[in-house]
Amino acid sequence: MDIKQKILDTIKNEHITPIPAWKFFMGTYGLWMLSGVLLILGSFGVASIVFLFTKNDWDIYTELSESKFTHIVSTLPYLWLAIFVIMLILLYVDIRHTKRGYSYTSLHLFFAALGASILLGFGLHVIGVGQKIDTIITKTDPHYAHMFNPRLRALSQPEKGILMGKVTNIETISSTTTRMYVENPLLEGTWVVIVQPTTILPPSGIQIQDRIRVLGEEIKDVDTAEHQFFAHIILPFDTLGIEPGWKRRNMQPPPLQRPIR
Amino acid sequence: MTDYSADTDESLALRSTTDHDAFGALVGRYEQKLYRYVRRITDASHEECEDILQEIFLKTYRYLHNFDDSLSFSSWIYRIAHNETISHFRKRSVRPQTIREEDGTLYLQNIEADMDIAAEIDTKALQQQIQKILDTLGPKYKDVLLLRYLEEKNYQEISDILKIPVKTVGTRINRAKKQLHQSITEQGLFITP
């Protein structure tokens, strides 16, 4: 029997039928949809990295690190970078497995995936997605938010004269002293920030529930169990990080500019 | 019996999902070519080659709806043939590949023509030497050389069959030719400048 007839007989006798088109359709479009999802997830990583980079305390980096370089290295969002790299690799592999994925050279495919992720990531950053992601993570899990945003740990070093946190209460003790109660998820207990007339305050003042950054010094008071921090400068937490004018002009910090509301 | 001689492979593939005779016509068109191809990329016996060929056509039939009409049908079925043969021999640790006696002349003629190897030297001796050298090349180089010089496929077709970029096809062919050139020169066989 010739092979042609043998094959036709096998098809007939074993009731072999072509696999339905929709299964291939699902496979093909499933891979492209997965590519889209991976691209978006990778772009979220880029948007977050860009957002965190712009908010990386450029106004006080000299207080946090020895140089700009060490500041960048110590506050790089490595977890987001890892997520971005993993998504990029998966995207590369996924596109490679699409119907015509083999026809692109590795280099072209890699740079196309990288370029698309970065472009989309910048786009998402511009419309505020990076900030939104950071807010969601900070609100959802404040104790682990520093893993995504290392800046939070860098700003939680009272022993080095830097503290950040959310203001939970403000008490005016006297005409010259105000106590602000600050919660920091990475530090134990409530911190009492002592504000005096020489303390530089944000132009917009400070409200309860505001997140702030404080430069100053930790007060080691053995008589009280309170964690106290004497404030020299209080800065808003969310800032583009423009260096304050007094610092640019190499002046002494100005006196109290605006009372705490 | 319908006459399919005027139909292209691609239109036959489309009709084959509902028309067994159309598929039979496709089998008829590719039976010999694919049998030869399977024989060329393995050292399988006649019976084993027929078994593989049957697997190839049955898989082609099952996957008819997956045929990408941006490819030529020939490239698509050669791809299936290549993959099925590889997976058939995956059970063995290696896929034996030697150039068969009957293919030797055509293969070597095409390579020689491409590499400007002088015709005036002892062709038989040269062919034996080249055959030995070709046998030492890795499978990825042999696969492209075989498709290029025995199956006479162009770079795009080889790219579609082996699922590698066209640029990689070119690189592999050039590297294989370079190795061949080097070995020929080292062995004192003359190549025209």
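**Group meeting: a walk through a two-chain model**

Okay, let's start with the sheet in chain A: strand β1, residues 162–172, is joined to β2(A) by six bridges, and the two run antiparallel. Before I go on, keep in mind that this is a predicted model.

So, β1 and β2 of chain A. If you want a register for that pair, put A:Asn169 opposite A:Tyr181 of β2(A). The connection between β1(A) and β2(A) is a hairpin that takes five residues.

Now move to the other neighbour. β2(A) also pairs with strand β3 of chain A, residues 190–195, again antiparallel and again through six bridges. Here A:Glu183 has A:Thr190 of β3(A) as its bridge partner. This is a hairpin too, with six residues between β2(A) and β3(A). Have a look at A:Gly189 in that turn: its phi is positive, about 65°.

Which side chains of β2(A) are buried, and which are not? The strand covers residues 178–183, and its side chains alternate. A:Thr178, A:Met180 and A:Val182 go to one face and are buried. A:Arg179, A:Tyr181 and A:Glu183 go to the other face and are not buried. You've met two of those already: A:Tyr181 sits opposite A:Asn169, and A:Glu183 is bridged to A:Thr190.

Right, helices. Still in chain A, α2(A) packs on helix α5, residues 78–96, at an angle of about 160°, and the axes are 8 Å apart. The cut-off for roughly antiparallel is over 145 degrees, so α2(A) and α5(A) are roughly antiparallel to each other. Their crossing is left-handed. On the α2(A) side the contact includes A:Leu31, A:Leu38, A:Gly42 and A:Gly45, and on the α5(A) side it includes A:Trp80, A:Phe84, A:Met87 and A:Leu91. By class, that contact comes to 16 nonpolar, four polar and one charged residues.

Next, where the chains meet. 18 residues of chain A touch 23 residues of chain B. On the chain A side, the elements giving two or more residues are α1 and α2. Which element gives the most? That's α1(A), with seven residues. Sorted by class, the chain A side has 12 nonpolar, three polar and three charged residues.

Let's zoom in on α1(A). It packs against helix α3 of chain B, residues 46–62, at about 50°, with the axes 10 Å apart. Parallel needs under 35 degrees, and roughly perpendicular starts at 65, so α1(A) and α3(B) count as oblique to each other. The crossing of α1(A) and α3(B) is right-handed. From α1(A) you have A:Ile3, A:Lys6, A:Ile7, A:Thr10 and A:Ile11, and they meet B:Glu50, B:Leu53, B:Gln54, B:Phe57, B:Leu58 and B:Tyr61 of α3(B). That contact breaks down into seven nonpolar, two polar and two charged residues.

Last bit, for anyone who likes checking backbone torsions. A:His15 has a positive phi, about 50°, and it isn't a glycine. You'll find A:His15 in the loop between α1 (3–13) and α2 (21–54) of chain A. Buried or exposed? A:His15 counts as exposed, because it has 6 C-beta neighbours inside 10 Å. Over in chain B, B:Glu152 has a positive phi near 55°, and that's not a glycine either. B:Glu152 is in the loop between α7 (139–149) and α8 (155–162) of chain B. With 10 C-beta neighbours inside 10 Å, B:Glu152 counts as exposed.

Terms used
Residues are numbered from 1 along each chain as its sequence is written. Chains are lettered from A and ligands numbered from 1 in the order in which they are written. This is a predicted model: local features need pLDDT of at least 70, side-chain atom pairs count only at pLDDT 80 or more; totals for chains, interfaces and linings use all residues. Helices (H or I, at least four residues) and strands (E, at least two) are DSSP runs, numbered from the N terminus. A residue is buried if 20 or more other C-beta atoms lie within 10 Å of its own, exposed if 12 or fewer, and partly exposed in between; C-beta atoms are placed from the backbone. Two strands pair if DSSP finds at least two bridges between them. Axes are lines fitted to C-alpha atoms, for helices over the stretch in contact, and angles run from 0 to 180 degrees between N-to-C directions. Angles under 35 degrees count as roughly parallel, over 145 as roughly antiparallel, 65 to 115 as roughly perpendicular and the rest as oblique. A crossing is left-handed if the near helix is turned anticlockwise from the far one by less than a right angle, and right-handed if clockwise. Two residues are in contact if their C-beta atoms, placed from the backbone, lie within 7 Å. Ala, Val, Leu, Ile, Met, Phe, Trp, Tyr, Cys and Pro count as nonpolar, Asp, Glu, Lys and Arg as charged, and the others, Gly among them, as polar.
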